[in-house]
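This briefing addresses one structure under three headings: a helix and its surroundings, the nonpolar cores, and a small group of strands.

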Amino acid sequence: MLDRKAQQVFIGLPTFLQIVQEKSLSEINERIRDGSVRVVTAEEMPDIVDELGPAGAVREVDVVTTGTFGAMCSSGVFLNLGHSDPPIKIARAFLNKVEAYGGVAAVDLFLGATQPSIDRGIEYGGAHVIEDLVAGKQIDVEAEGAGTDCYPQMELETSLRLEDFNQAMMVNPRNAYQRYNAATNSSDRTLYTYMGTLLPRLGNIHYSGAGVLSPLSNDPNFDYVGMGTRIFLAGAQGFVIGSGTQHNPQNNFSTLMVTGDLKKMSNRYLRAATFHKYGPSLYLGIGIPIPVLNEKIAKNTAVRDRDITVPVVDYGIPRRDRPSLKMVSYEDLKSGMIDLNGKEVATSSLSSYHMAREIALELKAQVEQGEFLLSQAVEPLSHLGSSRPMKQTKESPNVGDVMSRDVVTVREDIQVDEAAKLIVSGSFDHLPVVSKDGRLMGIITAWDISKAVAGGKPTKIANIMTRRVYSAIVDEPIELAARTLDTHSISALPVVDKENKVIGMITSNHLSRLLARRR
């Protein structure tokens, strides 16, 4: 306790000087060593702060443990194979048919979690190789050499287990997002994304992150977490290297770059996965113990799910800047249902809150048992990040640059033979079907007409047209139109304006001519 004179001096200090360390990190570490440390999880801390206030929480709690377990695509492992005899300078390498980057040094490789295999495609990738290694499985290594005087060997095949590598260091450029956008899909087709399978017409909402247990949500100002901070990483003790890529603390989207020894990790907290029709990823468990040094940290670790908000982003718009449909909290997301434009939409998590809680509890036990000491950051994380869009020096053409504006449309009430005459007399194979006011409502092809004519019975266009029509817009990149054609095995797209009125047509022939010019 401060004596009366000291209390008077303290009360007279400016606010920013009053927020001083009420406990030191070395004091907390000493309590960890002697077994007297008081630890709670981030799930428990809000109630403690509500009951005792920030000052009381500082007195009663020394450490708050956090945890998250989810897909962390930006992950990988540096592997050192040791030198062969004769020596080889690896130019290309494949681990269980998954390519690893060999441009580091002679026998150093980097294996990325999302790299697909050359034989099984996206069903098996770098993440699966990493999981197999941690599980003690043997993997096949195939290497191609560069062929130099000091590294004469040109080809190498061997089989290795994790213990056979000299070093196996996980180095992850971007992990542990502070929070993550929720995803939905307003388009009329199912989308397969890194946010899972998104059903059409706002059929579901997926989200990621642990909310109240999220490490960076409990230390948003980096009062403790920084370069050199010791963390729980997939069952091992790892460290924060610094800010992660796309670190954007200005908008509460901070990230971490982390590292740890793969040989000390556990499959309990490291699992490979494949997102259906998207690709492989690595699920990782990360936890950070946060020392309650002062009232400011106590307040920050009292965050609740309702305090952490994210936008629900529409992935049905295939552009970099997707629209946000609504701001919601993790409390809303975890409720299982959210109202979007008057529609009740089911929510589900891509992360495991069960595992996040287990990590926070496991970390709590390790701290209480004196197995996990806290470390002072050698440098704080930056409060200014960068998540700018890519600078594109060569712009791709849009649909409007190559489409045909000389488009013939028909109404649904005309006879098939009239449509046949239009196609025979024109240089096109598709006729968009429009309503009285010119809005797109269907499409008919030369093949549709041929089948109807062969049938021999007079009929109207309305009876044979395709009513589910895929279309494009003028400012849509050519690549998106090409993907739509390929995905649905069609050869033409009507181009529509904002009112869904037909203003042109783009076909596979347009794209072929464009590709020929590029070559």
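A residue counts as exposed when its relative accessible area is over 50%, and as buried when that area is under 20%. The model is predicted. The points below take up helix H10, the nonpolar cores and an open sheet of 3 strands.

**Helix H10**
- Helix H10 spans residues 416-425, and its buried residues are Val416, Ala419, Ala420 and Ile423.
- Viewed down the axis of H10, these buried residues fall within an arc of 105 degrees, so they line one face of the helix.
- Lys421 and Ser425 are exposed, on the face of H10 turned away from its buried side.
- The cover over the buried residues of H10 includes strand E30 (430-434), strand E31 (440-445) and helix H11 (446-455).

**Nonpolar cores**
- The largest nonpolar core has 79 residues, of which Leu95, Met170, Leu256, Leu262 and Leu270 touch the most other members.
- Helix H5 (residues 126-134) supplies the largest share of this core, 5 residues.
- Apart from this core lies another, of 17 residues, including Ala42, Ile48, Ala57 and Ala210.
- Beyond its neighbours within four places in sequence, Leu95 contacts Leu79, Ala100, Leu109, Leu111, Val129, Ile139, Asp140 and Val141.

**Open sheet**
- The strand order is E32-E33-E34, with mixed pairing.
- Strands E32 (472-473) and E34 (502-507) stand at the edges with a single partner strand each, so one side of each has no neighbour in the sheet.
- E32 pairs with E33 (residues 492-496) in the parallel sense over 2 bridges, and Ala472 has Val495 of E33 as its bridge partner.
- Helix H12 (residues 478-487) packs on the sheet and touches E33 and E34, its direction making about 135 degrees with that of E33.

Technical notes:
Residues are numbered from 1 along each chain as its sequence is written. This is a predicted model: local features need pLDDT of at least 70, side-chain atom pairs count only at pLDDT 80 or more; totals for chains, interfaces and linings use all residues. Side-chain values use heavy atoms; hydrogens and water are left out. Buried means under 20% relative accessible area, exposed over 50%, partly exposed in between (1.4 Å probe, protein chains only). Helices (H or I, at least four residues) and strands (E, at least two) are DSSP runs, numbered from the N terminus. The arc is that of the directions from the helix axis to the C-beta atoms. Contact means heavy atoms within 4.5 Å. A nonpolar core is a set of buried Ala, Val, Leu, Ile, Met, Phe, Trp, Tyr and Cys residues joined through side-chain atoms within 4.5 Å. Two strands pair if DSSP finds at least two bridges between them. Axes are lines fitted to C-alpha atoms, for helices over the stretch in contact, and angles run from 0 to 180 degrees between N-to-C directions.
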